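User: Please take a close look at one buried part of this model. I would like the surroundings of one acidic residue, with the cut-offs stated.

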Amino acid sequence: MKNFKVILALLSVVSLMLSFTACASKSTEEEPASETKGVSSADKVSYGFEGSLENWCISTWESETESELGCTNVAISTDQKASGSSSAAVTCDFKENNESAKTTKGAFKINYDNPINLKGKLLTAKVFIPEELVSEKFKSAPIGVKLYIKTTKNYSWSDGGSIDIANTLKPGWNEISFAPIDVNESDTREIGIQITKAGGSPGWNGTIYIDDVSY
């Protein structure tokens with residue numbers, strides 16, 4: 001009888017030890033998940049162009065003297081991507097002759113039926129630059145790229161300044177940004193990326209890829 005009580009006592013101790021070990025193991029396994037708590041992108045809008053252009057399009061604006069017809073097509077492509085599996089491939093066709101100014105610039109953009117508020121926001125985009133655009137022939141007369149917004153019912157233009165591709169950016173992916181301030185950015189009707197051919201620069205046709213536009 002005495003031996004039986006000893007055995008029961010030992011079994012109780014072993015059971016408590018196993019229970020403690022299981023709890024400790026469970027706690028250790030769940031710990032990494034707790035590190036990701038509180039991480040949220042709910043306050044940030046991002047366009048990753050994963051299988052869809054997400055209402056983005058190329059500009060077809062044209063007046064009697066100028067236009068944004070330098071970008072001729074846009075499609076989803078898996079050839080290049082800053083993240084995910086695809087990006088927006090913008091086909092450009094900038095003619096050698098600048099006389100009409102009809103194809104010296106183009107734009108990739110999105111319009112909003114309901115204005116968005118960019119107050120205090122940083123607008124960013126990743127742009128893939130072909131190696132030819134940073135070659136020597138474009139150094140003195142480069143093609144430029146800029147982020148822009150249009151605000152209020154008048155679609156007033158504001159931009160972050162033209163970035164000299166040949167002398168500032170590198171072949172491959174680059175991130176560009178624009179922080180609009182005091183330009184009615186709380187009433188933004190359009191955001192976009194404009195690509196512009198400088199006067200005297202060579203004609204160029206090719207593809208620029210755009211990904212991860214966010215604000």
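Analyst: The account below starts from Asp211 and moves outward to the strands and the aromatic rings beside that residue.

The model is predicted, so local features are taken only at pLDDT of at least 70 and side-chain atom pairs only at pLDDT 80 or more, while totals for chains, interfaces and linings use all residues. Residues are numbered from 1 along each chain as its sequence is written, and side-chain values use heavy atoms, with hydrogens and water left out.

Asp211 sits in strand β12, residues 204-214; strands (E, at least two residues) are DSSP runs numbered from the N terminus. Asp211 is buried and has no salt bridge. Buried means under 20% relative accessible area, with a 1.4 Å probe and protein chains only. A salt bridge requires a side-chain nitrogen of Lys or Arg within 4 Å of a carboxyl oxygen of Asp or Glu. The nearest side chain of opposite charge is that of Lys126, 7.4 Å away; Lys and Arg count as positive, Asp and Glu as negative, and His and the chain ends are not counted.

A polar atom of the Asp211 side chain does lie 3.0 Å from the backbone nitrogen of Ala82. Beyond four places in sequence, the contacts of Asp211 (heavy atoms within 4.5 Å) include Lys81, Ala82, Ser83, Ser86 and Ser87. Also among them are Tyr47, Gly48, Phe49, Ala125, Lys126 and Trp173.

Lys126 is the bridge partner of Asp211 in the pairing of β6 with β12. These two strands run antiparallel and are joined by 4 bridges; strands pair if DSSP finds at least two bridges between them. Strand β6 spans residues 123-129, and 6 of its 7 residues are buried. β6 also pairs with β10 (residues 172-178), again in the antiparallel sense, over 7 bridges. In that pairing, Ile129 has Gly172 as its bridge partner.

Two of the contacts, Tyr47 and Phe49, lead to the aromatic rings. Rings of Phe, Tyr and Trp (its six-membered ring) pair if their centres lie within 6.5 Å; planes under 30 degrees apart count as stacked, over 60 as edge-to-face and the rest as tilted. The count comes to 7 aromatic pairs. Tyr47 and Trp56 form an edge-to-face pair, because their centres are 5.5 Å apart and their planes are at 75 degrees. Phe49 and Trp56 are also edge-to-face, with centres 5.9 Å apart and planes at 85 degrees. Tyr47 is buried, Phe49 has a relative accessible area of 0%, and Trp56 has 4%. Ring pairs link these three residues and Phe108 into a cluster.

Key:
Buried means under 20% relative accessible area, exposed over 50%, partly exposed in between (1.4 Å probe, protein chains only). A polar contact is a pair of N or O atoms within 3.5 Å; within protein, one must be able to donate a hydrogen and the other to accept it, and residues adjacent in sequence count only if both atoms are side-chain atoms.
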